[in-house]
Amino acid sequence: MATTLHNLKRPEGSWHRKKRVGRGQGSGLGKTAGRGGKGQKARSGNMRFEGFEGGQSPLQRRLPKFGFISPNRTVYAVVNLSDLEGFDAGATVDVAALESRGLVKGRYDGVKVLGNGTLSKKLSVRAHKLSATAREAIEKAGGSVEELPLVAHKPESAAKAHSGKGVKQAKKS
């Protein structure tokens, strides 16, 4: 008989019933429920947590702490001069143009242009940061550079988020 969706069966011996413990003496696993009598292993919440090494100081506590990631860090999407070579001469290269070409993806606070590669076209580049070599190469090719201010969030969203906070409302009489 061919196996189709309506007559699927699991392979023989691939499954067994869950052991139900603590359900009376007749079950064979009543009273102490297979844990034996007394001791740490008989108690609830025993040694089941990750990294437990039988009372020995666990590895994650023996090793020194390291690293730090600032919660207020600024993340820049990096674009190289070699990536800008794909634009037509005289084009304006800004964040929107880079996103539409797929050169900038994901979450970032600003765009930084680095001087890796060569640029032979005259481009108008608008970015949040530029390296000295990138700026020099763009201007050498006859293009212009505009450095955009880095805005972490829109001013109106900040005003909306903090509107009315700390302001006492007048009591209605």
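**Positive phi values and parallel strand pairing**

In the predicted model, Lys-31 is located in the segment that precedes α1 (59-62). Its backbone is notable for a positive phi of about 50°, although Lys-31 is not a glycine. The residue has a relative accessible area of 77%, and because this value lies over 50%, Lys-31 is classed as exposed.

Lys-38 is likewise placed in the segment before α1. This residue, also other than glycine, adopts a positive phi near 55°. With a relative accessible area of 69%, Lys-38 is exposed.

Elsewhere in the predicted model, strand β4 (residues 124-127) shows an alternating arrangement of side chains. Val-125 and Ala-127 are directed to one face and are buried. Ser-124 and Arg-126, in contrast, point to the other face and are not buried.

Strand β4 takes part in pairing with β2 and with β6, as described below. Strand β2 (residues 92-93) runs parallel to β4, and the two are joined by two bridges. In this pairing, Thr-92 is found opposite Ser-124 of β4, a residue whose side chain belongs to the face of β4 that is not buried.

The pairing of β4 with strand β6 (residues 144-147) is also in the parallel sense and extends over four bridges. Here Arg-126 stands opposite Glu-146 of β6. The side chain of Arg-126, like that of Ser-124, points away from the face to which Val-125 and Ala-127 are directed.

Notes
Residues are numbered from 1 along each chain as its sequence is written. This is a predicted model: local features need pLDDT of at least 70, side-chain atom pairs count only at pLDDT 80 or more; totals for chains, interfaces and linings use all residues. Side-chain values use heavy atoms; hydrogens and water are left out. Buried means under 20% relative accessible area, exposed over 50%, partly exposed in between (1.4 Å probe, protein chains only). Two strands pair if DSSP finds at least two bridges between them.
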